Amino acid sequence: QVLAKDSLLQGGVKIYASKDYLARAGAKSATELVAQLEVWKDGKMESVPTKSDKDGCLALGGIDATFTLQGPGGKALECVSSKDSSFRVYFPGDYTISGIGYLANGTPDGSVSKSPAPSPGRAIAAIP
């Protein structure tokens, strides 16, 4: 069990893509990428397609996320630090897919996220 202040769990998971990663993926902007978010529904794992907003943010909500990524034309884009090619985030915050396909902490330009966070998809327990 991990205890954390409630304020540290706000904002959900937000994913961005760096310019170099977009170039490798053959995409002109992050709006061409589609995340297949893994979620549990009715006792089964389902894949929910999620697209980025106009600012290039994939707002995944919740406090963690596991997803695969597809580029233009449905091309699979792998996470190089994972054996099964899935990207995994264990804490809420801003993350950028960079380089050859790894997650880095923060937004591409180091600024604070402009995209509003969606409400979490499940209940979380935290210390107020």
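Reader: In this predicted model, how many bridges join strand S1 to strand S8, and do the two run parallel or antiparallel?

Author: Strand S1 (residues 13-17) and strand S8 (residues 93-98) run parallel and are joined by 5 bridges. For a residue-level example of the register, Val 13 stands opposite Gly 93 in S8.

Reader: In what order do the strands of the sheet stand?

Author: The sheet is open and consists of 4 strands in the order S4-S1-S8-S9, with mixed pairing.

Reader: Which strands stand at the edges, and why is one side of each left without a neighbour?

Author: The edge strands are S4 (58-61) and S9 (102-105); each has a single partner strand, so one side of each lacks a neighbour in the sheet. With direction ignored, neighbouring strands of this sheet are turned by 30 degrees against each other on average.

Reader: How many aromatic pairs does the structure hold, and how is the geometry of such a pair read?

Author: Two rings pair if their centres lie within 6.5 Å, and planes under 30 degrees apart count as stacked. The structure holds 1 aromatic pair. The ring centres of Phe 67 and Phe 87 are 5.2 Å apart and their planes stand at 10 degrees, so this pair is stacked.

Reader: Which parts does the pair tie together?

Author: Phe 67 belongs to strand S5 (residues 65-70) and Phe 87 to strand S7 (residues 87-89), so the pair ties together parts that are 20 residues apart in sequence.

Reader: Is Phe 67 buried or exposed, and is Phe 87 buried or exposed?

Author: A residue counts as buried under 20% relative accessible area. Phe 67 has 0% relative accessibility and is therefore buried; Phe 87, at 0%, counts as buried as well.

How values were computed: Residues numbered from 1 in each chain as written. Predicted model: local features only at pLDDT ≥ 70, side-chain atom pairs only at ≥ 80, totals over all residues. Heavy atoms only, no water. Pairing = 2+ DSSP bridges. Axes fitted to C-alpha atoms, helices over the stretch in contact; angles between N-to-C directions. Phe/Tyr/Trp six-rings, centres within 6.5 Å; stacked < 30°, edge-to-face > 60°. Buried < 20%, exposed > 50% of the residue type's maximum accessible area, 1.4 Å probe, protein only.
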